[in-house]
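Me: Please look closely at one part of this model, its sheet and what lies across that sheet, and then set out the backbone features found elsewhere. A connected account would be preferred.

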Amino acid sequence: MDHFPIFLATEGQRIALSGGGDAALAKLRLLLKTRARINVYASAPAPEIAAWADAGKLMLHRRAFGPGDALCARLFYAADEDADEDARTAAIARAEGALVNIVDNLHDSEFITPAIVDRDPVTVAIGTEGAAPVLARAIKADLEERLPTSLGTLARIGKGFRKMADALPFGRARRDFWRDYYFNTGPRAVADGADAVENSLHGLLDDHLNRSARPGHVAFVGGGPGDPELLTLKARRALDEADVVIYDRLISPEILELARREAQMIDVGKEGFGPSTSQETINDLLVEHAQSGAQVVRLKSGDATVFGRLDEEIDAIDAHGIGWHIVPGITSASAAVATIGQSLTRRGRNASVRFLTGHDMKGFADHDWAALARPNEVAAIYMGKKSARFVQGRLIMHGADRATPVTVIENASRPDQRVLETTLDRMATDIADAAMTGPALTFYGLAPRAAAQAATQMPIEEMA
C-alpha cells in the first residue's frame, strides 16, 4: 500500500487549485461537495467555474497561480494540463506547505483523489494506486447500484441519535442495536419519512435496553484452503460478528483481514514436529472468552471436521454449558484436486477415497497399508511432507506399484500454489528436493490431468 487512505476534515479549510479547463472542472465538481474554502486560479476559467464563483461556491482569481497563493492551504491541485505549468505551481505549493496533487501525474503527486460513492454522510472511497482507474469506476458503479439512496438519510438521523444510544453497554450491545437499525428497523421506516425513522429509533432503543445480554457462543468455522473467495457466506458472517477470533497457523492473512478491526485476534498455531500451542491452552481460551460473553470464532484451516481435533474442543466447551455451532468449510483435498483437474472418485477406478493424516500426536500415523497398496486406490494425505518416506516405505513394503502416480499440491488455491508430479518410487526424494515450506496435500494414485498439468505443474529442476 503506497497510499494510505484517510478522510480529511475540510470544513473551513483552504483548498487551492490552479487551472480552468476540463481537468479543473472534474476536480471541482468533487471538491464542491465539501465544506472547504476553495480558491481557483485561472486566467481563462471555464464558464461553469465563473458561474460557481458568482454563486459564492468558490473564490475565483482570474490570474496565474503564484507565490503566496498556497499559504495556509491544506491541499493544492495542479490542473493546468500543461506539464511545465503544473510543475511550476506544484513547486510553489510544496514550498508553502500544502499537499500537492498533479492531475494525471501519480509519480509527482503527494496524494491521490479516489473514486467516491457519495451517500453523505456515508462515503465510500475507491483507490487503485493509479494503476486501474477503469476498475475503480467499475467498482464505483457497482456500489452505486447496491447502496440505496436512503442510506444517507438513515446515517444522518442515526448520527444525531448516537449519544442516546450510549445508554447501551459499550461493545456488542451497541453493535447489535445499530445493526438492527440499519438493516431492519430503519429501512422499513424510511419510506414514511424522517419522523417515522426517529420514532422507530426510540422504540428500538427501549427494546434493546430491556434485552438480556447475549450469552457467549463459539462458532467452529472452516476457513477453507486459503483463498478468501472460497469462504462460505456463513463463514463471512461469523467473522463479521466475532468479538474474538482464535485461529490456526495455516489461515491465510487475506482471510484474517476479513475479521472486524476491533476483534481480538489470537494465534494458536500448531506445527507438526515444531512449536505448537497445546490443545489444553486452546480449550481454556475458548472457555475463557465465551464465558465472558464474547462471540468467539474458532477458525480452522480447511474444514473444521477434518483433522482439526474438533471433538476435543466441543467437549471442553460443552462441559461449561457454552453454546456452539459448526460452519463447514472447503477441505484442502477438494480445493487441491480441483487444481489438477481430477475427481476424487471415478467409475471403474475407485469407488472410495481415503483421507489420511501423515502423522498424529504420537508421531507417524499407521493405516491399513495393505488395502491402500491395491491397484487403483486413491488417498488424500494431509500433513504428509515430513512423513513422505514413512508412507512410501509402508506402501512399497505392502506391494504397491512403485510407478503409482503421486501428486503434491502446496498452498492449494493460493497465489503461490505449486504442483509437483512424481511417483511412489521417487515420492520422498522429490518432496525433499522441492523444499516446500507451505501447507501441502499429497494425492496417492492421482496425476494431474493433461489440460491442468500445463498450467500448474512445476518441474522438479525448478523446485529444487
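Reply: Helices (H or I, at least four residues) and strands (E, at least two) are DSSP runs, numbered from the N terminus. The model is predicted, so that local features require pLDDT of at least 70 and side-chain atom pairs count only at pLDDT 80 or more, whereas totals for chains, interfaces and linings use all residues. Residues are numbered from 1 along each chain as its sequence is written, and side-chain values rest on heavy atoms, with hydrogens and water left out.

The part to examine is an open sheet of five strands, in the order β13-β16-β19-β17-β18 and with mixed pairing; two strands pair if DSSP finds at least two bridges between them. At the edges stand β13 (354–357) and β18 (418–423), each with a single partner strand, so one side of each has no neighbour in the sheet. From one strand to the next the twist averages 20°, where axes are lines fitted to C-alpha atoms (for helices over the stretch in contact) and angles run from 0 to 180 degrees between N-to-C directions.

Strand β16, comprising residues 379–382, pairs with β19 in the antiparallel sense over four bridges. Ile-381 has Thr-442 in β19 as its bridge partner. Helix α16 lies across β17 (405–410), β18 and β19, and runs at about 155° to β18; contact here means heavy atoms within 4.5 Å. The loop between α16 (427–434) and β19 (440–444) holds Ala-435, a residue other than glycine whose phi is nonetheless positive, near 50°.

Another helix, α13 (residues 332–339), is mostly covered, with six of its eight residues buried. Buried means under 20% relative accessible area, exposed over 50%, and partly exposed in between (1.4 Å probe, protein chains only). The buried residues of α13 are Ser-332, Ala-333, Ala-335, Ala-336, Val-337 and Thr-339. Just after this helix, Gly-341 adopts a positive phi of about 70°.

Two further loops carry backbone features. Between β11 (295–300) and α12 (310–318), the loop contains Phe-307, which is not a glycine yet has a positive phi of about 50°. Phe-307 counts as partly exposed because its relative accessibility is 39%. In the loop between β6 (115–119) and β7 (122–126) is Pro-121, and the peptide bond leading to Pro-121 from Asp-120 is cis, with omega near 10°.
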